[in-house]
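Trainee: Please pick one part of this model and take me through it closely. I would like to see how its side chains and its surroundings fit together.

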Amino acid sequence: MATISFGGIFVFLGNGDGTFQTAKGPFLSGEDLWPEVNDFDNDGVLDVAATQTFQRTLSILIGKGDGTFQRATNYAAGDIPQSPASSDFNGDGKIDLAVSNTFESTVGVYLGNGDGTFQNPLTLTTSNPLYSAAADFNRDGHPDLVLGGDGLKVFLGVGDGTFQPPQTINSGYGPLSLSDVDGDGLLDVMVSDDFATLTVLRSKSDGTFRPGVSFPTGAQFVGHNLLTDLNGDGRPEAIAEDIADSVAVLRNTRQPRF
């Protein structure tokens, strides 16, 4: 299944051969949607959470199991909510959500009830959060948060839905991707900026990162990015979207170099 959000939430069901069926949807309409896919009600079927930036809402679409969804349930979010990230932040076996409220300089952490509903958000304060991702960077069994916007901020999770004060890394501002770039078993962070570069920060096992290494993409502007193994050699390649409607691919020829 592929889910996209250009003008709405659409679902393309896969045929199993690399092709897809005609799109179903939209199940949620709008030009300002930021989706996140996970199983929020623990029924084994994928659901969708999407922030609606200009409506200041977090919408939850519970999957029916046939590629369609129930009617959206909406929660109030902050000012310009974007880029939800999901994980079990409090260790109760239920999926939670973190939502970046850019203009408020806050992150709302919505603890899940396990049935597709969520509690009122806990609030983290940080400057200009925009992009977010969740992973266990310090290998303590608790999910952490990394936020892009005004540099990178890394919030280490305590395990009860709260987080330690952030460490700030002055690198990049834009979309984030996570993958093990150098094959050491630790998730690294790739961040893009508007100077046609991608910066890779290699993780240490304590939740900190080595100094960033930047790679030119040859693009005019780096938008969304992705780390994925395109050629099956076990090393993730870096893919960068260009504002000029093109895509740059940086092959990972020698870890951690591209």
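**A salt bridge and its surroundings**

Mentor: Aspartate 182 is buried, with a relative accessible area of 11%; buried means under 20%, exposed over 50% and partly exposed in between, using a 1.4 Å probe and protein chains only. The model is a predicted one, in which local features need pLDDT of at least 70, side-chain atom pairs count only at pLDDT 80 or more, and totals for chains, interfaces and linings use all residues. Residues are numbered from 1 along each chain as its sequence is written, and side-chain values use heavy atoms, with hydrogens and water left out.

The partner of aspartate 182 is arginine 202: the two form a salt bridge, their closest N and O atoms being 2.7 Å apart. Aspartate 182 sits in the loop between strand 15 and strand 16, and arginine 202 in the loop between strand 17 and strand 18, so the pair ties together parts that are 20 residues apart in sequence. The criterion for a salt bridge is a side-chain nitrogen of Lys or Arg within 4 Å of a carboxyl oxygen of Asp or Glu. Strands are DSSP runs of E with at least two residues, helices are runs of H or I with at least four, and both are numbered from the N terminus. Unlike the buried aspartate 182, arginine 202 counts as partly exposed, at 25% relative accessibility. Side chains of opposite charge can pair when their charged atoms come close.

Next, the strands beside these loops. Strand 15 (residues 176–179) and strand 16 run antiparallel and are joined by four bridges; two strands pair if DSSP finds at least two bridges between them. Four bridges also join strand 16 to strand 17 (residues 197–201), again antiparallel. Methionine 190 of strand 16 stands opposite serine 177 and also opposite valine 200 in strand 17. Strand 16 itself (residues 188–192) is mostly covered, with five of its five residues buried. Asp188, Met190 and Ser192 point one way from strand 16, while Val189 and Val191 point the other way.

The loop that holds arginine 202, between strand 17 and strand 18, also supplies one ring of an aromatic pair. A search of the whole structure finds six such pairs; rings of Phe, Tyr and Trp (its six-membered ring) pair if their centres lie within 6.5 Å, and planes under 30 degrees apart count as stacked, over 60 as edge-to-face and the rest as tilted. One of the pairs is that of tyrosine 75 and phenylalanine 118, which is edge-to-face at 6.0 Å centre to centre and 90° between the planes. Tyrosine 75 lies in strand 6 (residues 73–76) and phenylalanine 118 in the loop between strand 9 (106–110) and strand 10 (122–125), so this pair connects parts that are 43 residues apart in sequence. The pair on our loop is phenylalanine 137 with phenylalanine 209: their centres are 5.4 Å apart and their planes at 65°, so this pair is also edge-to-face. Phenylalanine 209 lies in the loop between strand 17 and strand 18 (213–216), and phenylalanine 137 in the loop between strand 11 (131–135) and strand 12 (144–149), so the pair ties together parts that are 72 residues apart in sequence. Both rings are buried: phenylalanine 137 at 2% relative accessibility and phenylalanine 209 at 11%.

For comparison, a search of the whole structure finds two salt bridges. The one not yet described joins the side chains of arginine 56 and aspartate 79 (3.1 Å, N to O). It links distant parts of the chain, 23 residues apart: arginine 56 is in the loop between strand 4 (47–52) and strand 5 (57–61), and aspartate 79 in the loop between strand 6 and strand 7 (81–87). Here arginine 56 is partly exposed, at 44% relative accessibility, and aspartate 79 is buried, at 17%. Thus each bridge has a partly exposed arginine, arginine 202 or arginine 56, and a buried aspartate, aspartate 182 or aspartate 79.
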